[in-house]
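Work through the exercises below with the sequence and the 3D structure at hand. Try each task before reading its solution.

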Amino acid sequence: MRIALISDLHIDINEDYPVLALTAEEARARRADVLVVAGDISETPERTLAAVEALKGMLDCPLYYVPGNHDMWNKNCPSRRTEEIFAAYQADESCLLHGPVVLDDGRKKIALAGDVGWFDYSFAAEGFSREALDGMAFEGRTWQDHFFNDWTKDNPGQMQKSLCRLRRQLENPAVKGLPVMAVTHMLPVRDFCVPEDVHGWGFFNAFLGGSALQDLYRSYPVRWAVCGHVHYRSQAVRDGITHYCPCLGYHTEWPLYELENNEAQTQIRNAMQLLEV
Ligand SMILES: [Fe+2]
């Protein structure tokens, strides 16, 4: 079974590029049996849901995704509460918030479990007070979720809720006994955090994820884990779990990858990772 992975398509920030069509083209070129998107499709829930439908129409394989923090924002729909936006994704059968999915190609069976995940400050450098972390601001810069997501009133509490939702999926009778791919937008391992010597990131890594996700995965047959959020393209093996971070990221970041060119097709080909099980 060939599982193609990508995240952080940011179709609004990258709107000068045909990101959805090129993603579908790349998934076809890799002969993917399924495409998994680990969040941050856009910053408007309706636009993300429409993009998911459009992408499904372009693919010749199923698509599953989790929302990212940007997909959860009410920046462009200020009257909507975060819980209401969350419920809209939960109702979408292509969204892993709807429930776990069993993939079966007749030879191999694996389960996909997923959630947006959240952050509990465990990836922050030592020495920041709880009050400072709750404030989500450092040297005049504020982490944007603070403005556009109600959950940020209690970030560690939201991480606990995410862990409960994931645990419920992992305990689902249809999933039990199967090898699992866990999909979150947030990072389960510190490996993908921004180096602390990059100014400000000792603080802002607090809002990238949390090791409680990995602790949960270790208690279940999670063999693979996918995340996005940090706009890296990387892989790491921790506790026998292979972690994938396959971010496309913003077009303004593409030159940082130092590829042969900064065309969207080149970047998508570089960002997408393929797992064969
Ligand atoms: Fe992102």
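Two strands count as paired if DSSP finds at least two bridges between them. The model used here is predicted.

**Exercise 1. State how strand 10 and strand 11 pair, and describe the hairpin they form.**

Step 1. Six bridges join strand 10 to strand 11, so the pair meets the requirement of at least two bridges.
Step 2. The two strands run antiparallel.
Step 3. As one position in this pairing, Val237 stands opposite Thr242 of strand 11.
Step 4. Two residues lie between the strands of the hairpin, and Asp239 has a positive phi near 55°.

**Exercise 2. Place strand 10 in its sheet and find the strands at the edges.**

Step 1. The sheet is open, has six strands with mixed pairing, and follows the order 4-5-8-9-11-10.
Step 2. Strand 4 (101–104) and strand 10 are at the edges; each has a single partner strand, so one side of each lacks a neighbour in the sheet.
Step 3. From one strand to the next, the twist averages 20°.

**Exercise 3. Follow the pairing from strand 8 through strand 9 to strand 11.**

Step 1. Strand 8 (residues 180–184) and strand 9 run parallel and are joined by four bridges.
Step 2. Here Val183 stands opposite Val226 of strand 9.
Step 3. Strand 9 also pairs with strand 11, in the parallel sense, over three bridges.
Step 4. In that pairing Val226 stands opposite Tyr244 of strand 11.
Step 5. Helix 6 (residues 155–170) lies across strand 5 (109–115), strand 8 and strand 9, and runs at about 160° to strand 5.

**Exercise 4. Decide whether the residues of strand 11 are buried or exposed, and sort them by the way they point.**

Step 1. A residue is buried if its relative accessible area is under 20%.
Step 2. In strand 11 (residues 241–246), six of six residues are buried.
Step 3. Ile241, His243 and Cys245 point one way, while Thr242, Tyr244 and Pro246 point the other way.

**Exercise 5. Name the residues that coordinate the iron ion and classify the site.**

Step 1. The iron ion is coordinated by Asp8 (OD), His10 (NE2), Asp40 (OD) and His231 (NE2), at 2.0 to 2.3 Å.
Step 2. A tetrahedral site needs all angles between 85 and 135 degrees.
Step 3. The angles among the four donor atoms are 87 to 179°, and the site is irregular.
Step 4. Asp8 lies in the loop between strand 1 (2–6) and helix 1 (19–29), and His231 in the loop between strand 9 (222–226) and strand 10 (233–238), so this pair ties together parts 223 residues apart in sequence.
Step 5. Asp8 and His231 are both buried.

Key
Residues are numbered from 1 along each chain as its sequence is written. This is a predicted model: local features need pLDDT of at least 70, side-chain atom pairs count only at pLDDT 80 or more; totals for chains, interfaces and linings use all residues. Side-chain values use heavy atoms; hydrogens and water are left out. Donors are N, O and S atoms within 2.8 Å of the metal (3.2 Å for Na, K and Ca); water is not among the atoms, so sites may look incomplete. Four donors count as tetrahedral if all angles lie between 85 and 135 degrees; four count as square planar and six as octahedral if opposite donors are over 155 degrees apart and all others between 65 and 115; anything else is irregular. Buried means under 20% relative accessible area, exposed over 50%, partly exposed in between (1.4 Å probe, protein chains only). Axes are lines fitted to C-alpha atoms, for helices over the stretch in contact, and angles run from 0 to 180 degrees between N-to-C directions. Contact means heavy atoms within 4.5 Å.
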